[in-house]
Amino acid sequence: MSASPSTELEQVAAAVLDGRTDAARTVLIEGGERARNAADSALQARLLSRLAVLELRLGEFSAADAHAIQAAKLHAAEGDAAGQVASLTYAVLACAQLRRYDDAYAAAFAAHDVAPQGSRPELRLMATRALGAAHSAAGSYEEGLQLFARMIDIAREATLATWERTARTDWLIVNLG
């Protein structure tokens, strides 16, 4: 299954919806290779990031971590802070599932470094969520709850309702867990 950059996401989505995750993985891997060969590191980063998400959903956490870290490096080289923070967040989630808490914290702190206080609210929210997830996974529930509460405040101040719901859900899950 080959694809052009404009149709790869549609092919991946169709394959996943049809339960053909191996086909989706193949499209992403082949697209990533074509992007690498064409020296299109921005496209390669996006495809690796999508591959990391797919691997997370499939429970392939080691592969998800490797793809997420590689994507984060490429996003950083491209100056794409949002892509970098998102990819580092995927690495946090993968490492947490693998019980590699030091690696989860390292990725979360790296995401936080990319999204300093003065950056866009969405970037700060992603980075704060990554750190909250790392704390919660490692058993530091109070720190996780504080970060999710901070997310609620940031989202409310920026009138980002979707992010506020996400933060409230994360806070509730940790609080009930």
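The exercises below, each with a worked solution, explore helices, their packing and a few single residues in a predicted model.

**Exercise 1. Compare the span of helix α3 with the span expected for its number of residues, and then find which of its residues are buried.**

Step 1. Helix α3 covers residues 41-58, which makes 18 residues, and at 1.5 Å a residue these should span 26 Å.
Step 2. The C-alpha atoms at the two ends of α3 lie 25 Å apart, which agrees with that expectation.
Step 3. The buried residues of α3 include Leu43, Leu47, Leu48, Leu51, Leu54 and Leu56, and also Ser41, Gln44 and Glu55.
Step 4. Just after α3 comes glycine 59, which takes a positive phi of about 80°.

**Exercise 2. Work out how helices α7 and α8 are oriented relative to each other, and describe the residues that meet between them.**

Step 1. Helix α7 (residues 121-137) packs with helix α8 (residues 141-157) at an angle of about 165°, and their axes are 8 Å apart.
Step 2. Angles over 145 degrees count as roughly antiparallel, and α7 and α8 are therefore roughly antiparallel to each other.
Step 3. The crossing of these two helices, α7 and α8, is left-handed.
Step 4. On the α7 side the residues that take part include Pro121, Leu125, Thr128, Leu131, Ala133 and His135, while on the α8 side they include Tyr141, Leu147, Phe148, Met151 and Ile154.
Step 5. Sorted by class, the contact of α7 with α8 has 10 nonpolar, 5 polar and 3 charged residues.

**Exercise 3. Describe the extent of helix α8, its buried residues, and what covers them.**

Step 1. Helix α8 has 17 residues and reaches 24 Å from its first C-alpha to its last, close to the 24 Å expected at 1.5 Å a residue.
Step 2. Its buried residues are Gly144, Leu145, Leu147, Phe148, Met151, Ile152, Ile154 and Ala155.
Step 3. The cover over the buried residues of α8 includes α7 and α9 (161-176).
Step 4. After α8 comes threonine 159, whose phi is positive, near 50°.

**Exercise 4. Locate alanine 39 and arginine 99, and decide whether each is buried or exposed.**

Step 1. Alanine 39 sits in the loop between α2 (21-37) and α3, and although it is not a glycine, alanine 39 has a positive phi of about 60°.
Step 2. The relative accessible area of alanine 39 is 67%; since exposed means over 50%, alanine 39 is exposed.
Step 3. Arginine 99 belongs to the loop between α5 (81-97) and α6 (101-114), and arginine 99 likewise has a positive phi of about 60° without being a glycine.
Step 4. With a relative accessibility of 64%, arginine 99 counts as exposed.

**Exercise 5. Find the surroundings of histidine 75 and of alanine 133.**

Step 1. Histidine 75 lies in helix α4 (residues 61-78), and because its relative accessible area is 5%, histidine 75 is buried.
Step 2. Not counting residues up to four places away in sequence, histidine 75 touches Ala45, Arg46, Ser49, Asp80, Gly83, Gln84 and Ser87.
Step 3. Two of these contacts, Ala45 and Ser49, are among the buried residues of α3.
Step 4. Alanine 133 lies in helix α7, and leaving aside neighbours within four places in sequence, alanine 133 is in contact with Val92, Leu93 and Phe148.
Step 5. Alanine 133 and alanine 108 are 25 residues apart in sequence, and their C-alpha atoms are 8.4 Å apart in space.

Notes: Residues are numbered from 1 along each chain as its sequence is written. This is a predicted model: local features need pLDDT of at least 70, side-chain atom pairs count only at pLDDT 80 or more; totals for chains, interfaces and linings use all residues. Side-chain values use heavy atoms; hydrogens and water are left out. Helices (H or I, at least four residues) and strands (E, at least two) are DSSP runs, numbered from the N terminus. The expected span of a helix is 1.5 Å times one less than its number of residues. Buried means under 20% relative accessible area, exposed over 50%, partly exposed in between (1.4 Å probe, protein chains only). Axes are lines fitted to C-alpha atoms, for helices over the stretch in contact, and angles run from 0 to 180 degrees between N-to-C directions. Angles under 35 degrees count as roughly parallel, over 145 as roughly antiparallel, 65 to 115 as roughly perpendicular and the rest as oblique. A crossing is left-handed if the near helix is turned anticlockwise from the far one by less than a right angle, and right-handed if clockwise. Contact means heavy atoms within 4.5 Å. Ala, Val, Leu, Ile, Met, Phe, Trp, Tyr, Cys and Pro count as nonpolar, Asp, Glu, Lys and Arg as charged, and the others, Gly among them, as polar.
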